[in-house]
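Q: I have a model open on my screen and would like to learn how to read its pockets, its cavity and its ligand site. Could you walk me through them?

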Amino acid sequence: MSNIAVIGTGYVGLSSGACFAHLGHVVTCVDVVQLKIDNLNKGILPIVETGLEELVAEGVAAGKLIFTTDVVSAVKNADVVFLCVPTPEGADGSADLSYIQTAARTLSPLLRSGAIVVNKSTVPVGSTKVVERELKRPDVSVVSNPEFLREGSAIQDFLHPDRVVVGSDNQEAAIAVGALYEKVGAPVVVTDPASAETIKYAANAFLATKISYINAVAAICEGVGADINDVVLGLGYDKRIGHEFLRPGPGWGGSCFPKDTKAMVKIAQDAGYDFGLLKGVITVNDQQYGRIVDKIRTAAGGTLKGKKIASWGLTFKALTDDLRDSPAVEIITRLLADGASVSVFDPTVTVAPKGLDAITVCSSPLEACAGADVIAVLTEWDDFRWVSPVEAAGAVSVKQIVDARNLLDRSEWRRAGFEYQGIGR
Ligand code: UGA
């Protein structure tokens with residue numbers, strides 16, 4: 001079992017740290033924010049993530065998971081140090097590496113000889129070399145080990161991955177990092193650093209492409225009278241295509257796809273390739289927000305001015321409290337700009353986020369739709385499936401519903417008197 005230090009306790013650092021401790025390693029998670037560390041030591045988590053609270057409690061109780069702001073004590077005996085710090089979008093769309101560089105400079109004098117530094121943050125191709133340059137420690141190996149964790153199922157994804165990717169020029173270091181995952185029993189793909197870094201971007205860009213593709217096909221379905229749900233069913237059984245990531249919706253969002261697709265376009269441009277295909281994928285996604293706003297406007301009778309819209313959902317997807325680049329936030333912003341008032345219910349949102357102060361945050365789906373002209377389902381929370389259409393019919397002002405996630409049973413809603421609009425059907 002190894003002694004691991006994790007720098008940064010965001011989604012990736014915290015989930016990875018807790019999972020490594022669960023696999024039997026001794027893990028020290030470091031963050032610069034004292035309050036976050038104090039809370040974690042009390043079992044209070046900064047994020048909503050299925051199963052994470054239990055894993056943190058288990059790791060702390062077993063003495064295998066330690067939270068601290070003291071980077072020196074965390075790093076000095078570590079065999080492996082994971083960099084899990086943010087790589088926000090820079091002004092030109094490329095990833096901003098300053099957090100990684102600062103972390104590497106901080107670690108440099110602290111690492112023991114023979115230690116391994118692992119880049120887990122999503123970093124542009126070439127970043128392993130950047131970390132090597134900042135460290136200036138030829139006795140320390142730098143390895144790329146991208147993560148493929150989805151928010152909402154990060155623990156499941158970590159403990160049951162499809163594959164583990166390790167990129168290094170040093171075979172011994174690659175084997176040591178691969179061995180950390182021995183218990184999860186997944187194939188380990190060992191590559192050079194640039195290939196590992198490319199795999200991460202290519203994976204996210206491909207998944208975003210699948211979703212934009214199906215959203216485009218959904219638009220065609222509406223024009224030709226086909227049903228996207230049936231189309232996806234028929235497509236997905238083809239093993240070369242598969243059913244995953246073909247759910248039509250209001251567009252993809254979150255902290256990864258929007259940032260990583262733009263970064264990939266920039267990486268391509270810097271490499272002398274015009275990635276027109278991916279630019280198209282991003283354009284389709286932008287258009288999708290507009291298509292949903294248009295559907296809501298049509299349902300509201302052709303204008304949004306003075307109309308009351310009930311939004312079911314605000315997070316970028318279900319099972320998270322994350323609002324970063326949420327399609328729901330983007331769509332609501334446009335509804336407000338067009339003169340609508342918006343009431344929102346989301347199971348993980350209790351106060352209006354910055355920039356959306358004009359919305360009313362409600363404590364149930366029915367409260368949100370009181371007096372509404374249109375209900376818009378923008379996030380696929382299960383909670384909305386269980387709302388009685390008959391009760392909703394009694395609460396709204398006009399029986400119009402736009403289901404941007406194809407989540408609800410449309411016959412049931414139509415039986416209750418609603419005009420139901422889904423996506424691509
Ligand atoms: C994504 C990837 O799925 C992870 O593999 C990756 O590790 C992560 O980014 C990252 O780079 O850190 P995540 O952003 O948590 O994970 O969420 P996804 O489940 O991929 O969903 C992204 C967006 O696509 C959401 O807005 C979601 O609603 C949308 N989506 C997803 C669809 O509209 N349809 C689908 O079929 C699937």
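A: Gladly. Keep in mind that this is a predicted model. Let's begin with a pocket: the second largest one has a volume of about 230 Å³.

Q: Which residues lie nearest the centre of the second largest pocket?

A: For any pocket, a good habit is to start at the centre and then look at the lining. Here Pro-258, Lys-262, Asp-286, Tyr-289 and Asp-325 lie nearest the centre, out of 14 lining residues. At least two residues of this lining come from each of helix 11, helix 12 (276–299) and helix 13 (327–337).

Q: What is the make-up of that lining by class?

A: The lining of the second largest pocket has 6 charged, 5 nonpolar and 3 polar residues.

Q: How many cavities of 30 Å³ or more does the structure hold?

A: A cavity differs from a pocket in that a 1.4 Å probe fits inside but cannot get out. The structure holds 1 cavity of 30 Å³ or more, and the largest cavity has a volume of about 50 Å³.

Q: What lines the largest cavity?

A: Its lining includes Asn-119, Lys-120, Ser-121, Thr-122 and Val-123, together with Ser-144, Asn-145 and Pro-146. Ala-196, Glu-197 and Lys-200 also line this cavity. Helix 9 gives the largest share of the lining, 3 residues. By class, you will find 5 polar, 3 nonpolar and 3 charged residues there.

Q: Now the ligand. Which residues come nearest to it?

A: With a ligand, look at the shell, then at individual contacts. Of the 19 residues around the ligand, the nearest are Glu-147, Glu-151, Lys-200, Asn-204 and Lys-317. Lys-200 is thus a residue to find twice, as it also lines the largest cavity. The shell has 9 nonpolar, 8 charged and 2 polar residues.

Q: Which polar atoms lie by the oxygen atoms of the ligand?

A: A polar side-chain atom of Asn-204 lies 2.8 Å from a ligand oxygen. The backbone takes part too: an N or O backbone atom of Phe-148 is 3.4 Å from an oxygen atom of the ligand, and a polar backbone atom of Leu-246 is 3.4 Å from a ligand oxygen. On its own the ligand has 710 Å² of accessible area, and the protein covers 95% of that. Helix 9 (193–224) and helix 11 (257–270) are the elements that give two or more residues to the shell, with helix 9 giving the largest share, 3 residues.

Q: Why does the ligand lie between domain 1 and domain 2?

A: Check which domains feed the shell. Both domain 1 (3–191) and domain 2 (223–425) give residues to the shell, so the ligand lies between them.

Methods
Residues numbered from 1 in each chain as written. Predicted model: local features only at pLDDT ≥ 70, side-chain atom pairs only at ≥ 80, totals over all residues. Heavy atoms only, no water. Near = heavy atom within 4 Å. Polar contact = N/O pair within 3.5 Å; in protein donor to acceptor, adjacent residues only side chain to side chain. Areas by Shrake-Rupley, 256 points an atom, 1.4 Å probe, with all protein chains shown as cover. Helix = DSSP H or I, 4+ residues; strand = E, 2+ residues; numbered from the N terminus. Nonpolar A, V, L, I, M, F, W, Y, C, P; charged D, E, K, R; others polar. Domains from an automatic or database assignment. 1 Å grid on protein atoms, 1.4 Å probe; cavity = no way out; pocket = protein on both sides within 12 Å on 5 of 7 lines; lining within 4 Å. Points joined across faces, edges and corners; volume = space filled by probe spheres on them.
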